[in-house]
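Opening a fresh page for this protein. I want to go through its strands and helices, then pick out a few odd residues.

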Amino acid sequence: MGKVLKIALLQIRPCLTLEENRKKGVKACKEAKMMDADIALFPEMWSNGYRIHSRPTEEWTAEAVPLDSDFVRSFGNLAKELDMAIGITLLEKYKGGPRNTLVLFDRFGSQKLVYSKVHTCDFDVERSLTQGEDFSVCSLDTRQGEVRVGAMICYDREFPESARILMLKGAELVLVPNACPMEINRLSQLRSRAFENMMALATCNYPGSVPDCNGGSTVFDGIAYLPGEEGSRDTCILQAGEQEGVYTADLDLDLLRSYREHEVHGNAYRRPDKYELLCSDRVREPFIRADCRRKRNCEYEKE
């Protein structure tokens, strides 16, 4: 095994207040450091535990915190203290309305990436959020050297374009905070995004004790084939159960980079000149643009 990047997924249950979540988050990061992690990732919107359902909009939007808040800064300071990168998530206070945001601090406590969810779930309460504008990739200095890291958040995985853009920007590892049930189809999406782009995806979900969540945090390393071995291999190197806890996975960076140099996926044989429709507002099937809202029982009703 070459350079090994240890990724910690903080699959933990949120508390009821910002300060309680800060303290519990600090404790989980310290536990990750005790496990020798290089990066610790929180589930989606940790600052308020993604508690935006069944509550008045004005109540949960008032819980948004700015990027320069004590809450966010405390995790930057902690990253420096622990010599470990931390991906902290929050309901960000933002002009025009709050955003669903990830802030990635490197092991020196420097803010390296701020990503806000581009594909907000506008069929549900997330219609009150401000969408992010771009997919970002940064060069993250870790104890294993520089790693190109990008981010998606939950529903972003439903769109292959999200991961594809990150791949084209050079991402080797994509961090994916999450807050929903991780069932076979969503897990298959993550597996596919890793396979087709030859990059690792690390997804951190809330445990099963949180409503509408079931744990199942995962890491897919994106390496489908190994030299000298017949057939493909399982790219899933971690799948947690439902229980609350800190789960770690070892990502072999040298193996991933060698694979990306020699395999045929990713950008090797793309035909972007044939993809014009992907960048157009034109659609060929009217149901794609249907103005409908999905309910939890999988039925549809008109807005």
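**Entry 1: a strand pair to begin with.** Note to self: this is a predicted model. I started with β2 (residues 39–41) and β3 (residues 85–92), which pair in the parallel sense over three bridges. Ile39 has Ala85 of β3 as its bridge partner. Helix α1 (residues 18–34) packs on this sheet and touches β1 (4–11), β2, β3 and β12. I got about 150 degrees between the direction of α1 and that of β1.

**Entry 2: the rest of that sheet.** In what order do the six strands of the open sheet come? I read β5-β4-β3-β2-β1-β12, with mixed pairing. The edges are β5 (111–116) and β12 (245–252); each has a single partner strand, so one side of each lacks a neighbour in the sheet. From one strand to the next the twist averages 20 degrees. I also looked at helix α3 (residues 70–82), which lies across β3 and β4 (99–105) and runs at about 180 degrees to β3.

**Entry 3: β12 up close.** Is this edge strand mostly covered or mostly bare? I found β12 mostly covered, with six of its eight residues buried. Its pairing with β1 is antiparallel, and eight bridges join the two. One pair I noted is Val4, which stands opposite Asp252 in β12.

**Entry 4: a second sheet.** Another six strands form an open sheet, in the order β6-β7-β8-β9-β10-β11, and its pairing is mixed too. Here β6 and β11 (236–239) stand at the edges with a single partner strand each, so one side of each has no neighbour in the sheet. Ignoring direction, neighbouring strands are turned by 20 degrees against each other on average. I checked β7 and β8: they pair in the parallel sense over three bridges. Ala151 stands opposite Leu175 in β8. Helix α5 packs on this sheet, touching β9 (200–204), β10 (218–220) and β11. The direction of α5 makes about 30 degrees with that of β10.

**Entry 5: helix α4.** Which residues of α4 (residues 160–168) are buried? My list reads Ser162, Ala163, Leu166 and Met167. Looking down the axis of α4, I see its buried residues within an arc of 130 degrees, so they line one face of the helix. Helix periodicity fits here: an α-helix has 3.6 residues a turn, so residues three or four places apart point the same way. The cover over the buried residues of α4 includes β6 (137–142), β7 (145–151), β8 (173–177) and α5 (184–197). After α4 comes Gly170, with a positive phi near 95 degrees.

**Entry 6: helix α6.** I did the same for α6 (residues 253–262), where Leu253, Leu256 and Tyr259 are buried. Down the axis of α6 these buried residues fall within an arc of 130 degrees, so they line one face of the helix. What do they pack against? The buried residues of α6 pack against β1, β7, β9 and β12. On the face turned away from the buried side I found the exposed residues Glu261 and His262.

**Entry 7: two odd phi values.** Most residues other than glycine have a negative phi. Asp36 isn't a glycine, yet its phi is positive at about 70 degrees. Where does Asp36 sit? I placed Asp36 in the loop between α1 and β2, and it is partly exposed, with a relative accessible area of 43%. Asp212 also turned up, with a positive phi near 65 degrees in a residue other than glycine. Asp212 is in the loop between β9 and β10. It is partly exposed, at a relative accessible area of 40%.

**Entry 8: the whole protein.** I tallied six helices and 14 strands. The radius of gyration is 19 Å, close to the 19 Å that the globule rule gives for 303 residues, so the protein is as compact as a globular protein of that length. Its C-alpha trace spans about 55 × 55 × 35 Å along the principal axes. Buried residues make up 49% of the 303. Of the contacts between residues at least 6 apart in sequence, 67% join residues at least 24 apart. The accessible surface comes to about 14500 Å², and carbon and sulfur atoms own 49% of that.

Methods. Residues numbered from 1 in each chain as written. Predicted model: local features only at pLDDT ≥ 70, side-chain atom pairs only at ≥ 80, totals over all residues. Heavy atoms only, no water. Pairing = 2+ DSSP bridges. Helix = DSSP H or I, 4+ residues; strand = E, 2+ residues; numbered from the N terminus. Axes fitted to C-alpha atoms, helices over the stretch in contact; angles between N-to-C directions. Contact = heavy atoms within 4.5 Å. Rg over C-alpha atoms; globule rule 2.2 N^0.38 Å. Buried < 20%, exposed > 50% of the residue type's maximum accessible area, 1.4 Å probe, protein only. Areas by Shrake-Rupley, 256 points an atom, 1.4 Å probe, with all protein chains shown as cover. Arc of directions from axis to C-beta.
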